[in-house]
Amino acid sequence: MMAARIRTLREIKKEATAQILAQKAFELAMERGLAGFVIEDVVQRAGYSRRTFANYYSCKEEAVAMAVMSSYNYNKILDMIDDLPLDASPLEVMYQISQLKITKKLLLNLQQLIILSKKNPTLQPYVLKVLDEAQVTIKKILDFLFNDRYSTKYIRILARVVCAAIFSLVDDTMNELVPGQEPRDLLNELSYHKYIDNVFEYLRDGF
């Protein structure tokens, strides 16, 4: 028990360090643009060494993109899973995750990240990595809950469809911006939740 506890604390500390580095990189990108800072600026602002940065990220682009992941509220997801009825379906779990996981901060960060990636092609592979990691995390949750009742293929497709729908909403919103308009003016939590309700209505009808 003690060894497991120590391991858990170490994992929490590592995760916190990664989040701080990513958040500071994202702040600098918002303030100066992607070309306006270097890794040394990130570690100075975060209070870590360049070596520590290298333990977590290969470049500043990866750190900037991964800042979005730090906005996920995993504690709420775990609480939601504990309260699930025994007969809950993967689709219902995905709906609950989609509602809990998205916050105003996360939406805005996603929007800003996409804007940055459109201006800086070197960032785009890491944006895709963020989407892939979100899919992998959700698939692990569904596998844990339903691996003995639903096929791996079904769970994988469901995770991909929902993650792609969320990402597409943010990306499409960016295309609707007019000069001088801020992302927060166009997409908010209310419009997001209405969109998610529509997505899951389609999925319940035919998925």
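Here are some notes on the fold, the cores and the side-chain contacts of this predicted model.

1. **Overall fold.** Start with the secondary structure: the protein chain has 11 helices and 0 strands. Reading along the sequence, you get α-α-α-α-α-α-α-α-α-α-α. The chain has 207 residues, and 42% of them count as buried. As for how the chain comes back on itself, take the contacts between residues at least 6 apart in sequence: 73% of those join residues at least 24 apart.

2. **The largest core.** The largest nonpolar core holds 31 residues, and the members that touch the most others in it are V93, L142 and F200. Which elements feed it? Those giving two or more residues are α5 (74-82), α6, α8, α9 (152-176) and α11. Helix α9 is the top contributor, with 8 residues. If you want one residue to click on here, try L142: leaving aside residues up to four places away in sequence, L142 touches P90, V93, M94, N147, I155 and L158.

3. **A second core.** Apart from the largest core there is another one, made of 29 residues, including L34, V42, V43 and Y57. Y57 comes up again under the ring pairs, and L34 under the loop residue L123.

4. **Helix α8.** This helix covers residues 124-146, which is 23 residues, and its first and last C-alpha atoms are 33 Å apart. At 1.5 Å a residue the expected value is 33 Å, and the helix comes close to that. Its buried residues are V127, V130, L131, A134, Q135, I138, I141, L142, D143, L145 and F146. Note that Q135 and D143 are on that buried list, so have a look at both when you go through the side chains.

5. **Aromatic pairs.** The model has 4 aromatic pairs. In one of them, F53 and Y57 have ring centres 5.7 Å apart and planes at 55°, so this pair is tilted. F53 is buried at 2% relative accessible area, and Y57 also counts as buried, at 9% relative accessibility. Another pair is Y95 with F200: the centres are 5.2 Å apart and the planes are at 75°, so the pair is edge-to-face. Y95 belongs to helix α6 (residues 90-101) and F200 to helix α11 (residues 189-206), so this pair ties together parts that lie 105 residues apart in sequence. Y95 counts as buried at 16% relative accessibility, while F200 is buried with 0% relative accessible area. Elsewhere, F146, Y150 and Y154 are linked by ring pairs into a cluster.

6. **Charges over rings.** Which rings have a charged side chain over them? One is Y95, where the charged end of R204 sits over the ring, 4.9 Å from its centre. So Y95 has R204 over its ring as well as the edge-to-face pairing with F200. Another is F37: K60 lies over its face, at 4.9 Å from the ring centre.

7. **Cysteines.** How many disulfides are there? The count is 0. Two cysteines worth a glance are C59, which counts as buried at 13% relative accessibility, and C163, which counts as buried at 6%.

8. **L123, a loop residue.** L123 sits in the loop between α7 (104-119) and α8. Is it buried or exposed? L123 counts as buried, at 0% relative accessibility. Not counting residues up to four places away in sequence, L123 touches L34, E61, V64, A65, L113, L116 and S117. Its C-alpha is 7.4 Å from that of E62, with the two positions 61 residues apart along the chain. L34, one of those contacts, is also a member of the 29-residue core.

9. **L169 on α9.** L169 is in helix α9, the helix that gives the most residues to the largest core. At 12% relative accessibility, L169 counts as buried. L169 and Q111 are 58 residues apart in sequence, with a C-alpha to C-alpha distance of 9.8 Å.

Definitions and conventions. Residues are numbered from 1 along each chain as its sequence is written. This is a predicted model: local features need pLDDT of at least 70, side-chain atom pairs count only at pLDDT 80 or more; totals for chains, interfaces and linings use all residues. Side-chain values use heavy atoms; hydrogens and water are left out. Rings of Phe, Tyr and Trp (its six-membered ring) pair if their centres lie within 6.5 Å; planes under 30 degrees apart count as stacked, over 60 as edge-to-face and the rest as tilted. Buried means under 20% relative accessible area, exposed over 50%, partly exposed in between (1.4 Å probe, protein chains only). Helices (H or I, at least four residues) and strands (E, at least two) are DSSP runs, numbered from the N terminus. A charge sits over a ring if NZ of Lys or CZ of Arg is within 6 Å of the ring centre and within 35 degrees of the ring normal. The expected span of a helix is 1.5 Å times one less than its number of residues. A nonpolar core is a set of buried Ala, Val, Leu, Ile, Met, Phe, Trp, Tyr and Cys residues joined through side-chain atoms within 4.5 Å. Contact means heavy atoms within 4.5 Å. A disulfide is a pair of cysteine sulfur atoms within 2.5 Å.
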